[in-house]
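Me: I would like to go through this fold step by step. Could you take my questions as they come?

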Amino acid sequence: MRFAVPALLAALVSGPAGAQSFVPTERAAIDLVRDRRTAGFTTVARTLAYAERATGGAFRLGGYRVDYRPDVPFARVRICYRLGLDPPTCGLAYRVAVNPAHVEPADRYNGLTRDLEHGPQAFLRALAREADLLRQPNFLRKVEAALEPFNPYDWR
C-alpha cells in the first residue's frame, strides 16, 4: 500500500491533465481577457467599445499584445489604445493563465486597468483625468508625479 500512493500520484501528474501548459496561446489569452467580467457587471470588450462610442473617437482601441516570459506560468496581455492625438500606448495589462483559466489585472491597485475593472463610468472618468494630464506642460507633469505619493485624496 505504501508504494501504491507514489505510483498513483505519478500516473495522475503524467496523464493528459498534467501535460497541459499553464500558459495559453495568444488567441486564447486575448479571448479570456475580452470575455472577463469586471466589477461593473460587464465584459472588458464591452467597456472598451462603450468608451470608444462615448468619447466620440478620442479613445480608440489599438489591439492586443501578448507577452511571454520563459520563467513565469502566465502570459501578460496588454491592451493598446490611443487617447486623443498622443501616440498609441499599451497601458492596460492583464495576467492570464489556463488550467484552470484565470485572468487578473497586472496592477490591481493602480492605473487605468483598475478603473476599467470598476465599470464603464469609472473608466470614462479615468480617461478624462488622463486626457487632462496629457494637456499639462511637461514640467507640471513631473512635479505632479513627484508629489503623487503624498496626495491624501484619491481622485479616481
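Reply: The exchange below concerns a predicted model and moves from the sheet to the helices and then to local details.

Me: In what order do the strands of the sheet come, and is the pairing parallel or antiparallel?

Reply: The sheet is open and has four strands, arranged E1-E2-E3-E4 with antiparallel pairing. Strands E1 (59–67) and E4 (102–105) each have a single partner strand, so they stand at the edges with one side left without a neighbour in the sheet. From one strand to the next, the twist averages 25 degrees.

Me: How many bridges pair E2 with E3?

Reply: Six bridges pair strand E2 (residues 75–83) with strand E3 (residues 89–97) in the antiparallel sense. Within this pair, Ile-79 stands opposite Leu-92 of E3, and Arg-78 has Ala-93 in E3 as its bridge partner.

Me: What does the turn of that hairpin look like?

Reply: Five residues lie between E2 and E3 in the hairpin, and Gly-84 in the turn has a positive phi of about 70 degrees.

Me: And how many bridges join E3 to E4?

Reply: E3 and E4 run antiparallel and are joined by four bridges. Arg-95 faces Glu-104 in E4, while the bridge partner of Tyr-94 in E4 is Pro-105.

Me: Which residue in the hairpin of E3 and E4 takes a positive phi?

Reply: That residue is Asn-99, with a phi near 65 degrees, in a hairpin that has four residues between the strands. Asn-99 is also joined to Pro-100 by a cis peptide bond, with omega at about 0 degrees. Pro-100 itself belongs to the loop between E3 and E4.

Me: Changing topic to the helices: which strands does H4 lie across?

Reply: Helix H4 (residues 44–54) lies across E1, E2 and E3, and runs at about 150 degrees to E1. Helix H6 (residues 120–135) likewise lies across E1, E2 and E3, running at about 60 degrees to E2.

Me: At what angle do the axes of H4 and H6 cross?

Reply: They cross at roughly 50 degrees, and the axes come within 10 Å. H4 is therefore oblique to H6. The crossing of H4 past H6 is right-handed.

Me: Which residues make that contact?

Reply: H4 contributes Thr-47, Leu-48, Tyr-50, Ala-51 and Ala-54, and H6 contributes Pro-120, Gln-121, Phe-123, Leu-124 and Leu-127. By class, the contact of H4 with H6 has eight nonpolar residues, two polar residues and no charged residues.

Me: On to charges, then. How many salt bridges does the structure hold?

Reply: There are six salt bridges in the structure. One that can be described in detail is between Glu-117 and Arg-36, where the closest N and O atoms are 3.0 Å apart.

Me: Where do Glu-117 and Arg-36 lie?

Reply: Glu-117 is in helix H5 (residues 111–117), and Arg-36 is in the loop between helix H3 (26–34) and H4, so the pair ties together parts that are 81 residues apart in sequence.

Me: One last backbone point: what is phi of Phe-41?

Reply: Phi of Phe-41 is near 60 degrees, a positive value in a residue other than glycine. Phe-41 is placed in the loop between H3 and H4.

Definitions and conventions:
Residues numbered from 1 in each chain as written. Predicted model: local features only at pLDDT ≥ 70, side-chain atom pairs only at ≥ 80, totals over all residues. Heavy atoms only, no water. Pairing = 2+ DSSP bridges. Helix = DSSP H or I, 4+ residues; strand = E, 2+ residues; numbered from the N terminus. Axes fitted to C-alpha atoms, helices over the stretch in contact; angles between N-to-C directions. Contact = heavy atoms within 4.5 Å. Parallel < 35°, antiparallel > 145°, perpendicular 65-115°, else oblique. Left-handed = near helix turned anticlockwise from the far one by under 90°. Nonpolar A, V, L, I, M, F, W, Y, C, P; charged D, E, K, R; others polar. Salt bridge = Lys/Arg side-chain N within 4 Å of Asp/Glu carboxyl O.
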